[in-house]
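Grab a pencil and work through these exercises one at a time. Try each task yourself before you read the solution.

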Amino acid sequence: MSDQSIRCECGHLNKEGTILCEACGKPIEGNQHIDGNDEKHVLEMRYEGSARRSQTYKRTFIDKTWAFFSSVKVGVWLIAITLVLSALGTVYPQEQFKNSPLPSSQFYAEEYGLTGQIFYQLGFHNMYSSWWYITLVALIGVSIIIASIDRYVPLRRALNNQKTKRHEVFVKRQRLVSKDNELNEDDVNKLKENLKSKRYKVYEDDGHVMAEKNRFSRWGAYVNHIGLIIILLAAIFRMFEVMHVDDYVWVREGETRVIPSTNQEYYVENTGFVYEEYDPETQEQFSRALEDVEDPVPKNFQTNAVIYRTTEETLPGQEPELEEVTRGEIRLNQPITFDGYALYQAGTQLEAEYDSMSFDVQLNDEVLGEFTFYSDEAPPEFHLEESDIMVSVDDWYPELEFTENGPSSFSKFPRNPGLIFSVENPDTGDSERFFYLQEDIIPLSEDNELVMNVTGVDRRSASGLTVKKDNTLPLFGLGAGIFMIGVVQGLYWYHRRVWIHPKGEGIYHIGVHTNKNWYGMKQELEKITEDTNVQEFEDQQELK
Amino acid sequence: MDFYVLSSTFLYITFFVYLIATAFFGMTLGNNRDENKKSKATKLAMTFTIIGFVSHLTAYIFRWIEAGHIPVSNMFEYITFFGLMLVLCFIVIHFVYGIPALGLVALPIAIVIIGYGSMFPQEVSPLVPSLQSHWLYIHVTLVGLAQAILAISFIAGLLFLIVKVDQTVKNKETTFLEIIIYAVLSTIGFIILSTGFGAMDYEATFIKESDGYQYEVEYEMPALFQPNNSELMTEDHFNSGIETPAWMQGIDAGKKLNSLTLSLLAGLLLYGLVRLVLKGKRVGSYLQHKFGKINPDVVDDVMYRSIAIGFPLFTLGGLIFAAIWAQEAWGRFWGWDPKEVWALITWLFYAVFLHLRLTRGWHGKKSAWLAVIGFVIIMFNLIVINLVIAGLHSYAS
């Protein structure tokens, strides 16, 4: 691009595409259409009439792309499209929430009919991780970056180059003006004093006065956009698996298990699971609400956990040596943390498994002995010392189910244990068989003389814990923090300037600009012009 | 002392005091009334507003004492809290700007919101484990406050539209304004129906069959739509025999559709009555005449300011603190749960509002319509997401 700088009559050299001279503010001929100043009286001051690349060069493909993304209109459209799509994505549950064994290809059509089918076919069931949604967000990111650079650089240059002495046209074409005031020296001094007391910095040059405050507020928009860019970068980093850990582990009471996704380095022991419910008797204030619900309302899900670390590399098959790292209670809202990892209370299988079952064996109402079967050990036989008889375990079904081929086990977890025992009758020497299922004993022959009873069962809970580690959190936090600072900086302070322009012979124009909050500016002007001869300000752009 | 009963009584009193305040705000209008009378009416209206607010706050505190935790854990509690914040914001705005006409929009809206909230079960419920966190105090209350501030922009926007929409001929804008008024009347219709049939202890029981299970569905209003695949068990109760379409999910889908339809019909009836009283005149046109002259620049400023304050607070409470709590409770700061998505939508929408206003100069009516849409989004997130699209955040389950 060729450099076609424009020299203003005040002597300042402006870049090509400048609308208002950076130094004196005089409108530069031929460029007024860019900001629409040719059609209205009040000068467009949003970017100080500076030369923005997007408005100046429109020839090459790069120029056009730059101009496209730097447009706020385009940005707003991108946000609006994202907004509408996001909303459509909540019409039916996302795939991850569908909570059904059916595959998505059937689920949406069967549950919701034709609209569900359309929802699925459009890929809305996986919207927020789909390539087009991510692309849309990425385009917003590009728009934020380009739009910010396009404005920030020339705006900063214009504000740095501004001179105290402005062109008359510039002052008169501000939104708030008071023209042709007859002011004496006292009036001008009083004005300067008032401006200073309102924390304006007052500059003077050849009788011209410029008062300015809170210029930093102009940078708020760019600061908050930097915050958003950092958040988007964090989201990109998070797409890489190495940046975060997301896993799940079930630990039974009394069990110690390796924590997945920690390179076999950490172990967790569940020393006890606590489940509590609200009791309408002891907490009377809730009695009305608790009466209405059929199921009890849970009060606490808690895993008492101990975290261990292996002391050295363990070979496969070798028992690891563990040292305690930390211990504590994991509750909802209270994860346990260690070395950047966190374990969250996420699921429970309340007393879902049988830890042990105790039995006794009787003959003619005389107890021959007692024994306890521990599910995890599952010994093949027991020796009852009192009577010196043997009980052998013929079959062990941790999760009993009956199939066409007879009893079998659905899994290796003792959720519904079934046992078949053979007990030797000391009187006859015969072997008698018993079936244990569902906390009851069924003799397998009517001739059995021995009697077997269940004397007790001990159940255990399993606790589901999510394992999390996220290295991107600090970056997200930083982005959010910077965003908030930028928003506050831009919204709660206002960049205000007042120009007192001498026309000669004691006649003055006063022009006022604020980047926001004209209502507040008008109120401040009343204070500034107090006890002076300044006439009322005219708002050249009032709402009708 | 039964704090629960005390709390309910104070809420009841609040309701009536706000009504009285509204009546006094009504007296501040009129072009012919002299300034002296107007300012007297304004003073009385503000006095009653503040009395109402104190009573409302008392009701809230008593409930807090009774529950032992901050009452923002179900629909009734959250909506009353939202109403409380709305009135607080209005009081603050009044002392900054002093526009009595704003009170005439703000208070009726607050009354309708509190009334609507009161239709939900009011029992004090215990906190389930997922809500047992200090973030409940920070996240939920800040969102409530931020949404109330954003609602002020809707109220200012509505006032702006009432005054500024061209009522000489029927056009798109007058129609939309009538729709807003109709929506408010329908909410009032819902409150009247719920309270009326509630007082009569109306209860019609249906047995609904779904996936081989039988469910009991109890209607507290006459059944215009009975549940899909159901049978009325309580004889001598009205039943139209029209079934709720099967594609509407959930056991209570029929009940919700029924309440919604009846409310909309009641709203239509109320709207018709109002039009009849006004001799066919559009309600918006009548209001415009009544409200008279108002400085549009100031109302426009209220609208912008409330978003300038509400937007950062919403970002902080509804997104940042929400994400921190989600990280602490579930180990993921963002999970695309419907409520989270709608918080993002709210945020995006107000971001659009600010961009259009600050860089494209959308002031006045354009801004006012956007403020109305923003409020619709907030209400959608509060009502539809909780009652229809259930998720992790659902109060209704």
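**Exercise 1. Describe how helix α1 (residues 3–27) of chain B packs against α4(B).**

Step 1: start with the geometry. The two helices pack at an angle of about 155 degrees, and their axes are 9 Å apart. Axes here are lines fitted to C-alpha atoms, for helices over the stretch in contact, and angles run from 0 to 180 degrees between N-to-C directions. Helices (H or I, at least four residues) and strands (E, at least two) are DSSP runs, numbered from the N terminus.

Step 2: put a word to the angle. α1(B) is therefore roughly antiparallel to α4(B). The cut-offs go like this: under 35 degrees is roughly parallel, over 145 roughly antiparallel, 65 to 115 roughly perpendicular, and the rest oblique.

Step 3: add the hand. This crossing of α1(B) and α4(B) is left-handed, a word used if the near helix is turned anticlockwise from the far one by less than a right angle (clockwise would be right-handed).

Step 4: look at who meets whom. On the α1(B) side you'll find, among them, Phe15(B), Leu19(B) and Phe25(B), while α4(B) brings residues including Leu104(B), Leu107(B) and Ile111(B). Being in contact means that the C-beta atoms, placed from the backbone, lie within 7 Å.

Step 5: sort them. The contact of α1(B) with α4(B) has 12 nonpolar, three polar and no charged residues. Ala, Val, Leu, Ile, Met, Phe, Trp, Tyr, Cys and Pro count as nonpolar, Asp, Glu, Lys and Arg as charged, and the others, Gly among them, as polar.

**Exercise 2. Find out how much you can trust the model.**

Step 1: know what you're looking at. This is a predicted model, where local features need pLDDT of at least 70, side-chain atom pairs count only at pLDDT 80 or more, and totals for chains, interfaces and linings use all residues. Residues are numbered from 1 along each chain as its sequence is written, with chains lettered from A and ligands numbered from 1 in the order in which they are written.

Step 2: check the chains. pLDDT is the predictor's confidence in each residue, from 0 to 100. Chain A has a mean of 90, with 99% of its residues at 70 or more; chain B has a mean of 89, with 97% at 70 or more.

Step 3: check the complex. The predictor gives an ipTM of 0.90 and a pTM of 0.89.

**Exercise 3. Which elements of chain B give two or more residues to the side that touches chain A?**

Step 1: count the contact. Chain B puts in 45 residues and chain A also puts in 45.

Step 2: name the elements. They are α2 (35–67), α9 (296–330) and α10 (338–360) of chain B.

Step 3: sort chain B's side. It splits into 27 nonpolar, 11 polar and seven charged residues.

Step 4: zoom in on one helix pair. The axes of helix α3 (residues 72–88) of chain A and α10(B) come within 10 Å and cross at roughly 160 degrees, so α3(A) is roughly antiparallel to α10(B). The crossing is left-handed. Residues in this contact include Ile79(A) and Leu83(A) from α3(A), and Leu348(B) and Val352(B) from α10(B).

**Exercise 4. How many residues does each domain of chain B give to the contact between domain 1 and domain 2?**

Step 1: find the domains. An automatic or database domain assignment gives domain 1 (3–167 + 285–387) and domain 2 (183–281) of chain B.

Step 2: count. Domain 1 of chain B gives seven residues and domain 2 of chain B gives nine.

Step 3: pick the top contributor. On the domain 1 side, α4(B) gives the most, with three residues.

Technical notes
Two residues are in contact if their C-beta atoms, placed from the backbone, lie within 7 Å.
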